[in-house]
Amino acid sequence: MALTVPERLADVRRRVARAAEAAGREPSSVDVVAVSKGQPLDRIVAAYRHGHRTFGESRAQELQVKAAELPDDIVWHFVGPLQRNKVRVVQPLVRLLHSLDRDKLATAWGAGPPALIQVRLGGEPTKHGYEPSEVAAALAHAAAAGVMVAGLMTIPPPASKPADARPWFAQLRSLAESLSAEHELTHLSMGMSDDFEDAIAEGATMVRVGSAIFGPRTEQ
C-alpha cells in the first residue's frame, strides 16, 4: 500500500535529522523545501496540515495559481529556471529565488527577495547556471544590481547512486568557503529526493525534496 503524504513527510524529517546529527549539526540547521511542482493541491494541503510551511515551485503561472488557492502563511520558494518577463509575477509571492543563473536575470531581479546563485558543476551544457570560475564576477554583478545574494545552489550531474553526487556537493561548499572573505553566503541549496542525505553531510542548509514527500508528479 502506498504511503500517504504525511507518512512520507515524517520519514523525510527523520532522515534529515539523522543526516544532520551524523554530520554534527542540529536538524534545525537544514530547511526542507517541499518541491510541489506538478503536484495537486490536496497533496500540498496534506503536508501543510502536518506542519510543513516551505514549498518550492518552478513555474511562474503554477506558483501564481497555487499561492492564490492555498493558505497565506505558506512560504514559497522559486526553484526552477526563471524567464525575465516572469519576474514581476514571481517576486511578490516568494521568500527566496534559488535559481539566479545569469547576469540579465540579476538585473531584472534587482532589489527583490534574496536569491541564490545557481552554479553549474560538471560543465553540463544542458544545465543552467554559472561556471564555478564565474561566480565571483556574478556576485559582483548581482550586488551592483541590488540583489541580496544569500548563498549558492546546484543541481549535480546525474549519478548512478546517490553517494556519487557527494563530491559535487563538497565542491559547492568549498566554493562558498573560498568566497566567504568578501561575501556572506549563508545558504547552500543542494540535494534532492535521491541524495539529500549526502548533501546534508557536505553542508547543505536547504534540500529540495519533491517525490520523497509527495510521490510521483501528476503533471510533468
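Two strands are said to pair if DSSP finds at least two bridges between them. With that idea in hand, the predicted model can be explored strand by strand, starting with β1.

Strand β1 covers residues 31-35, and it is joined by four bridges to strand β8 (residues 206-209), the two running parallel. Within this pairing, Ala34 stands opposite Val209 of β8. A parallel pairing also links β1 to strand β2 (residues 54-57), here over two bridges, and Val35 stands opposite Gly56 of β2. The path between β1 and β2 is worth tracing in the structure: together with helix α2 (residues 41-49), these strands make a right-handed β-α-β unit. How enclosed is β1 by the rest of the structure? Four of its five residues are buried, so β1 is largely enclosed.

Attention now turns to the nonpolar interior. In soluble globular proteins, nonpolar side chains tend to be buried together. The largest nonpolar core of this model has 60 residues, and the members that touch the most others are Leu100, Trp109, Ile117, Val135, Leu152 and Ile213. Which helix gives the most to this core? That is α1 (residues 5-22), which supplies six residues. Another core lies apart from this one; it has five residues, including Leu96, Leu116, Ala150 and Met206.

Ile117 offers a good view of the packing. Leaving aside residues up to four places away in sequence, its contacts are Leu100, Tyr130, Val135, Ala138, Leu139, Val149, Gly151, Leu152 and Met153. One of these partners, Val149, is found in strand β6. Is Val149 buried or exposed? Its relative accessibility is 16%, and because buried means under 20%, Val149 counts as buried. With the same sequence neighbours set aside, Val149 touches Ala115, Ile117, Leu139, Ala142, Glu184 and Leu185. Along the chain, Ala165 is 16 residues apart from Val149, and the C-alpha atoms of these two residues are separated by 24 Å.

Finally, helix α7 spans residues 166-178, a run of 13 residues. From its first C-alpha to its last, α7 reaches 18 Å, close to the 18 Å expected at 1.5 Å a residue. Its buried residues are Phe169, Ala170, Leu172, Leu175 and Ala176. What do the buried residues of α7 pack against? Their neighbours are three strands and two helices by name: β5 (115-119), β6 (149-154) and β7 (187-189), along with α6 (135-144) and α8 (196-201).

Methods: Residues numbered from 1 in each chain as written. Predicted model: local features only at pLDDT ≥ 70, side-chain atom pairs only at ≥ 80, totals over all residues. Heavy atoms only, no water. Expected span 1.5 Å × (residues − 1). Buried < 20%, exposed > 50% of the residue type's maximum accessible area, 1.4 Å probe, protein only. Contact = heavy atoms within 4.5 Å. Right-handed = clockwise from strand over helix to strand, strands pointing away. Core = buried A, V, L, I, M, F, W, Y, C linked by side-chain atoms within 4.5 Å.
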